[in-house]
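Good morning, and thank you for coming. Please look at the sequence and the structure as I put them on the screen.

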Amino acid sequence: MAASGGTKAIMAALLANAGIAVAKFVGFLITGSSSMLAESVHSVADTSNQGLLLLGQKTAKREATREHPFGYGRDRYFYAFVVALLLFTLGSVFALYEGIHKIQHPESLTTPIVAVIILVVAIVLETFSFRTAIRESRLVKGDATWWGFVRQSKSPELPVVLLEDAGALFGLVFALIGVGLAVLTGDPIWDGVGTVMIGVLLGVIAIVLIIEMKSLLIGEGSGEQELRTIVDELAAKDDVRRVIHIRTQYIGPDELLVAAKLELAPGLATAEIARAIDAAESRVRAKVPAARLMYLEPDLYRESLARE
């Protein structure tokens, strides 16, 4: 996924959430709806999350140093992980607390039509943000399903924004249902029920994001198809007889480390070995541009080494 695509989706989400957060909080002050308050906090958290994702993109561009010789690409994973924690602590926990409190101590809503109008407008704005994230994601997800894209993507921003926006849309619908039922039945407890539903939804999304971002943060290798491509390109010429052993790891969303032992054709001179390895690297990079760091070592095939 190109960073520019992720940035466009992040900016769309940031602008939408900032405006929605203000509108929701005004709606809460007018109506006293706990669903509106929970959604206000949710939008504030989402706005902060997009700011963190942009910060991660910026810090990840720093040049490599002696202390960090492979650069700072994993900063994007770290800030995405922090986003998942923020979504859980600020969004889910607060909504659950507020919803349970409202169920235990229900309070009648004042001017509920204001809440309804604000929620409908917020749904329209969130739909715009969600459509932007979907459009940008389609450019890079290929034939994968949406769930597969979230699980397999090596770039964190678009999956995070996709799930955040989906959660925001469903959360708004839950808030609208809660407020609507409270008005129709005259029982404000439904407002609290809607708030609890928002909290549960945010908790589920946060847990999914935490699991996925942790996996990226500690290091993921190439997917099965990409790994097969790398192996095929390494052994595509007669001077490389086989790939004995290979390890890959993403050290940033756009930077893949490849380390492999190759069995070369017998009788090659030193210069020919160097040319064979350089050519193998070029073939791989032509098919997998992210494979910027490659360490290829000629070796003799041994069964024990191949199983490592």
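**Salt bridges, a sheet and a buried serine**

I begin with Glu212, which is buried, with a relative accessible area of 8%. Buried here means under 20% relative accessible area, exposed means over 50%, and partly exposed lies in between, using a 1.4 Å probe and protein chains only. The model is a predicted one, in which local features need pLDDT of at least 70 and side-chain atom pairs count only at pLDDT 80 or more, while totals for chains, interfaces and linings use all residues. Residues are numbered from 1 along each chain as its sequence is written, and side-chain values use heavy atoms, with hydrogens and water left out.

With which residue does Glu212 form a salt bridge? The partner is Arg151, and the closest N and O atoms are 2.6 Å apart. A salt bridge is a side-chain nitrogen of Lys or Arg within 4 Å of a carboxyl oxygen of Asp or Glu. This pair links distant parts of the chain, since Arg151 belongs to helix α5 (residues 146–152) and Glu212 to helix α7 (residues 189–218), 61 residues apart. Helices (H or I, at least four residues) and strands (E, at least two) are DSSP runs, numbered from the N terminus. Unlike the buried Glu212, Arg151 counts as partly exposed, at 42% relative accessibility.

Why can such residues pair at all? Side chains of opposite charge can pair when their charged atoms come close.

How many salt bridges does a search of the whole structure find? The search finds 13. Another one joins the side chains of Asp75 and Arg62, at 2.7 Å from N to O. Here too the pair links distant parts of the chain: Asp75 is in helix α3 (residues 75–104), Arg62 is in the loop between α2 and α3, and they are 13 residues apart. Asp75 is buried, at 16% relative accessible area, whereas Arg62 is partly exposed, at 43%.

A further salt bridge brings together the side chains of Glu224 and Arg228, at 3.1 Å from N to O. These two residues are four apart in helix α8 (residues 224–234), so about one helical turn separates them. Glu224 is exposed, with a relative accessible area of 63%, and Arg228 is partly exposed, with 44%. Finally on this topic, salt bridges link Arg76, Glu157 and Asp254 in a network.

Let us turn to the sheet. What is the order of its strands? The order is β1-β2-β3, in an open sheet of three strands with mixed pairing; two strands pair if DSSP finds at least two bridges between them. β1 (240–252) and β3 (293–298) stand at the edges with a single partner strand each, so one side of each has no neighbour in the sheet. From one strand to the next, the twist averages 15 degrees.

β1 and β2 (residues 255–264) run antiparallel and are joined by 10 bridges. Among the bridge partners, Gly252 is matched with Glu255 in β2. Helix α9 (residues 270–287) packs on this sheet and touches β1, β2 and β3, and its direction makes about 145 degrees with that of β3. For such angles, axes are lines fitted to C-alpha atoms, for helices over the stretch in contact, and the angles run from 0 to 180 degrees between N-to-C directions. Contact means heavy atoms within 4.5 Å. Between β1 and β2, a hairpin makes the connection through two residues.

Next, consider Ser40, which has its place in helix α2 (residues 34–59). Is Ser40 buried or exposed? Ser40 is buried, with a relative accessible area of 3%. Leaving aside residues up to four places away in sequence, Ser40 touches Ala21, Lys24 and Phe25. A polar atom of the Ser40 side chain lies 3.3 Å from the backbone oxygen of Lys24, and a polar atom of that side chain lies 3.1 Å from the backbone nitrogen of Phe25.

I close with the chain as a whole. The chain has 10 helices and three strands. Its radius of gyration is 25 Å, well over the 19 Å that the globule rule gives for 308 residues, so the chain is more spread out than a compact globule. That radius is taken over C-alpha atoms, and the rule is 2.2 Å times the number of residues to the power 0.38. Along the principal axes, the C-alpha trace spans about 90 × 35 × 35 Å. Buried residues make up 47% of the 308 residues.

Key:
Polar contact = N/O pair within 3.5 Å; in protein donor to acceptor, adjacent residues only side chain to side chain.
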